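Subject: Structure handover

Hello,

Here is the structure I promised to pass on. Please open it alongside this note.

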Amino acid sequence: MHNQVALSLKSNYAIFSPYPNTLQNPRPSPSAPNTRFHHYSVLKCRGIEIPPPTNHRLGSLGGAAGSVEDDRVKSLGVKEIDVATLGNLCVDIVLNVPKLPPKPLDERKAYMDELSKSPPDKKYWEAGGNCNMAIAAARLGLNVVTVGHVGDEIYGRFLFDVLHDEGIGMVELDELNHVADMRDYETLLCWVLVDPRQRHGFCSRADFSDEPAFSWMSALSTEAKMAIRRSRIIFCNGYGFDELPPRLLASALDYAVEVGTSVFFDPGPRGKSLSTGTLEERKALEKYLRMSDVLLLTSEEAESLTGIEDPILAGQELLKAGIRTKWVIIKMGPRGSILITPSSISCAPAFKVNVMDTVGCGDSFVAAIAFGYIHKLPLVYTLTIANAVGAATAMGCGAGRNVATLKQVVELVKGSNLNEDDKFWADLLKAHSDTEKITVLTKVVLNGNTHPLQLASLQKVVSELIPKLEHAQRKQVKAC
């Protein structure tokens with residue numbers, strides 16, 4: 001993310017107590033220790049619905065063999081959901097401030113306390129975290145469900161309403177029979193602060209805690225397992241570690257592998273700190289890096305995890321270390337993106353746009369990669385649409401409901417305005433000429449190119465992408 005000030009290694013989220021104007025949703029308050037919670041939505045997105053389970057308690061992911069829940073979940077083999085996001089549901093509070101928060105911990109805490117004295121006006125609220133990816137994916141015509149946790153207050157209701165309006169289902173991650181403290185249950189907030197130079201700072205109360213925000217969670221709910229099983233892809237990012245225990249994230253990965261759901265993982269800036277974190281964090285990070293089908297990283301993040309500066313070599317190292325890894329995607333910011341497989345390298349320059357705000361660009365990019373993966377598009381086509389979705393989001397202000405619309409993406413692709421830098425790509429690819437297949441997206445294709453470099457004509461890519469995007473538009477309109 002460009003022009004961004006990283007203020008915290010621990011978390012981008014806050015546990016904030018909104019107390020006033022609490023709204024009642026279908027779940028009762030967690031104050032009663034043995035209450036059975038009812039969830040906002042039981043796996044319902046764009047007409048897909050699973051009826052709620054009976055009142056059996058699912059004690060752990062690896063429950064007793066032959067249990068009613070396990071038999072029921074394993075019997076659901078149809079992948080009717082395209083993408084499920086795992087955790088990382090929060091409300092962004094976006095505020096313009098004269099200066100970004102101070103770095104010293106005690107001063108930052110005082111700054112946070114001042115912000116938290118009264119709930120901000122609703123006009124400053126926005127869906128954040130994995131909601132960005134979920135909304136972008138839904139706008140591409142994909143069936144999406146979020147698997148996570150929100151509280152029983154005004155912020156939780158706000159998130160539910162936003163996702164519902166986008167045709168996205170919400171499934172509670174944990175059984176919620178054991179919440180002792182109301183503050184542990186509340187929706188996470190992220191204070192997104194923007195200074196006069198348009199630099200972003202992220203503040204949260206969780207910066208002052210060594211434990212994940214929802215450390216009380218112990219096992220996936222039956223509904224969460226159903227969502228994972230019925231999804232083609234489950235997406236997790238590094239910020240999920242700020243709210244969910246590593247063991248729970250690892251168990252979700254194990255279950256996804258068991259039921260044949262592809263795993264997408266973007267470690268983000270948290271990858272570096274997780275790699276030197278607790279033993280449990282390091283083990284869970286290593287498992288995601290080795291067992292995910294698709295890894296997505298910026299070039300800086302790839303270097304921090306591998307120690308290799310060359311983004312292609314870093315991606316190939318991650319690919320070799322993986323057990324199930326099929327794709328490693330390196331995001332190169334305004335340069336474009338690279339998709340690496342065991343036998344190929346695909347490169348696509350970015351689109352030229354007037355950048356207003358880079359928040360949410362990476363999340364939108366992931367949604368489009370999922371679109372290409374599900375529809376089995378040629379690799380360079382997948383990068384092209386991902387670059388377009390990320391760029392279209394950058395043209396707006398903020399994320400959440402402000403991520404790219406499908407109409408904007410179609411217009412941008414039709415415009416075919418690439419940020420080409422032939423020297424950059426030639427220098428980068430020079431050391432990898434022994435790769436079996438190298439494909440580069442370009443506006444001009446010259447005759448006489450020799451193996452292994454293959455130039456993909458932007459005109460041809462666009463002519464074949466547009467019908468798919470327009471079909472997604474029609475599907476989206478029909479769903480509405």
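Below is what was found, first for a helix pair and then for a cavity. Keep in mind that this is a predicted model.

The helix pair

Start with helix H3, residues 130-139, and helix H12, residues 361-374. They pack with their axes 8 Å apart, at an angle of about 45°. That angle makes H3 oblique to H12. The crossing of H3 past H12 is right-handed.

Which residues meet there? From H3 come Asn-132, Met-133, Ala-136 and Ala-137. From H12 come Asp-363, Ser-364, Val-366, Ala-367 and Ala-370. By type, the contact of H3 with H12 has 6 nonpolar residues, 2 polar and 1 charged.

The cavity

The structure has 2 cavities of 30 Å³ or more. I looked at the second largest cavity, with a volume of about 30 Å³.

Its lining is made by Leu-86, Ile-234, Phe-235, Cys-236, Ala-252, Leu-253, Val-263, Phe-264 and Tyr-288. Three elements each give two or more residues to this lining: strand E9 (231-237), helix H7 (246-258) and strand E10 (262-266). Which element gives the most to the lining? E9 does, with 3 residues.

What about the character of the lining of the second largest cavity? The residues there divide into 9 nonpolar, no polar and no charged. The contact of H3 with H12, by comparison, includes 2 polar residues and 1 charged.

Best wishes

Note on methods. Residues are numbered from 1 along each chain as its sequence is written. This is a predicted model: local features need pLDDT of at least 70, side-chain atom pairs count only at pLDDT 80 or more; totals for chains, interfaces and linings use all residues. Side-chain values use heavy atoms; hydrogens and water are left out. Axes are lines fitted to C-alpha atoms, for helices over the stretch in contact, and angles run from 0 to 180 degrees between N-to-C directions. Helices (H or I, at least four residues) and strands (E, at least two) are DSSP runs, numbered from the N terminus. Angles under 35 degrees count as roughly parallel, over 145 as roughly antiparallel, 65 to 115 as roughly perpendicular and the rest as oblique. A crossing is left-handed if the near helix is turned anticlockwise from the far one by less than a right angle, and right-handed if clockwise. Contact means heavy atoms within 4.5 Å. Ala, Val, Leu, Ile, Met, Phe, Trp, Tyr, Cys and Pro count as nonpolar, Asp, Glu, Lys and Arg as charged, and the others, Gly among them, as polar. On a 1 Å grid over the protein atoms alone, a cavity is a set of points where a 1.4 Å probe fits but cannot get out, and a pocket is an open set with protein on both sides within 12 Å along at least five of seven lines; lining residues have an atom within 4 Å of a point. Grid points are joined across faces, edges and corners, and a volume is the space filled by probe spheres set on the points.
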